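This briefing introduces a structure to a reader who has not met it before. It begins with a term needed for the reasoning and then proceeds by topic.

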Amino acid sequence: MELIKSFSVDHTLIVPGIFVSRVDNVNGESVTTYDIRMKRPNREPAIDVAAMHSLEHIIATYLRNDPKWKDDVIYWGPMGCLTGFYLILKKERSSKEIFELVLNAFKSVDDTVEVPGTAPENCGNYLMHNLLMAKWYADEFVKYLEDNSENDSIFEYPKTERLVTDDGRQFFDS
Ligand SMILES: [Zn+2]
């Protein structure tokens with residue numbers, strides 16, 4: 001498939017933060033995809049895969065139980081590059097508007113005694129978990145978000161060029 005250039009995000013300039021990736025219209029309703037970026041791509045080690053898996057389980061459980069937000073949560077899942085997560089919510093909100101949600105979701109990791117859903121019946125790789133490392137990464141990210149809550153660079157991606165595939169769709173590889 002031929003790739004042509006359009007608006008994109010230069011991954012070498014990305015810092016951790018909460019970013020709107022795209023807003024789609026699904027049956028007349030807005031749906032927003034966020035990148036929850038925890039690591040600087042290609043400039044620091046990505047997240048340990050077992051810790052990532054545990055963060056996926058713990059935060060998905062938090063999001064789907066938060067009374068204020070659970071009805072708007074469509075999806076939470078890891079980026080293949082292991083530098084962060086995708087969050088898809090109903091409606092259109094800025095990344096600042098979900099700051100408290102993301103902060104509280106990551107804070108909940110520290111309270112976790114056991115990773116939810118890790119029986120072989122509930123999980124595709126139930127032995128690949130690491131709660132202690134998940135807590136370490138979550139704590140690091142919480143501190144980063146709190147320290148930078150007034151800094152706009154954690155809410156807005158550096159805009160450069162984004163690849164567009166030959167069928168006109170944007171190429172999103174985070
Ligand atoms: Zn799993």
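A residue counts as buried under 20% relative accessible area and as exposed over 50%, while values in between are called partly exposed. By this scale Tyr86, at 22% relative accessibility, is partly exposed, because its value falls between the two limits. The model described here is a predicted one.

**Overall architecture**

- The chain contains 3 helices and 6 strands.
- Read from the N terminus, its elements follow the order β-β-β-α-β-β-α-α-β.
- The chain has 174 residues, and 42% of them count as buried.
- Among contacts in the chain with a separation of 6 or more, 70% join residues 24 or more positions apart.
- The exposed area of the chain is about 9,700 Å², of which carbon and sulfur atoms supply 50%.

**Strand S3 and its partners**

- Strand S3 covers residues 29-37; 7 of its 9 residues are buried, so the strand is largely enclosed by the rest of the structure.
- On one side of the pairing scheme, strand S2 (residues 17-26) runs antiparallel to S3, with 9 bridges between them.
- Within this pairing, Val23 has Thr32 in S3 as its bridge partner.
- S2 and S3 form a hairpin with 2 residues between them, and Asn27 in the turn has a positive phi of about 50°.
- S3 also pairs with strand S5 (residues 84-90), again in the antiparallel sense, over 7 bridges.
- In this second pairing, Asp35 stands opposite Tyr86 in S5.
- In a regular strand, side chains alternate between the two faces of the sheet.

**Tyr86 in its setting**

- Tyr86 belongs to strand S5.
- Its C-alpha atom is separated by 9.9 Å from that of Ile18, although the two residues are 68 residues apart along the chain.

**The zinc site**

- Which residues coordinate the zinc ion? They are His53 and His57, each through NE2, and Cys123 through SG, at 2.1 to 2.3 Å.
- The spacing of these donor residues in sequence is H-x3-H-x65-C.
- Two of the donors, His57 and Cys123, link distant parts of the chain, being 66 residues apart.
- His57 lies in helix H1 (residues 49-63), whereas Cys123 lies in the loop between helix H2 (99-110) and helix H3 (131-147).
- Both His57 and Cys123 are buried.

**Aromatic pairs**

- The whole structure holds 7 aromatic pairs.
- One of these joins Trp76 and Phe85, which are stacked, with 4.5 Å centre to centre and 10° between the planes.
- Trp76 is buried at a relative accessible area of 7%, and Phe85 is buried at 0%.
- The rings of Phe106 and Phe141 have centres 4.9 Å apart and planes at 70°, so this pair is edge-to-face.
- Phe106 in helix H2 and Phe141 in helix H3 are 35 residues apart, and their pair links distant parts of the chain.
- Phe106 counts as buried at 1% relative accessibility, and Phe141 is buried with a relative accessible area of 2%.
- Trp76, Phe85, Phe106 and Phe141 form one aromatic cluster together with Tyr144.

Technical notes: Residues are numbered from 1 along each chain as its sequence is written. This is a predicted model: local features need pLDDT of at least 70, side-chain atom pairs count only at pLDDT 80 or more; totals for chains, interfaces and linings use all residues. Side-chain values use heavy atoms; hydrogens and water are left out. Helices (H or I, at least four residues) and strands (E, at least two) are DSSP runs, numbered from the N terminus. Buried means under 20% relative accessible area, exposed over 50%, partly exposed in between (1.4 Å probe, protein chains only). Contact means heavy atoms within 4.5 Å. Accessible areas come from the Shrake-Rupley method with a 1.4 Å probe; for residues, only the protein chains shown count as cover. Two strands pair if DSSP finds at least two bridges between them. Donors are N, O and S atoms within 2.8 Å of the metal (3.2 Å for Na, K and Ca); water is not among the atoms, so sites may look incomplete. Rings of Phe, Tyr and Trp (its six-membered ring) pair if their centres lie within 6.5 Å; planes under 30 degrees apart count as stacked, over 60 as edge-to-face and the rest as tilted.
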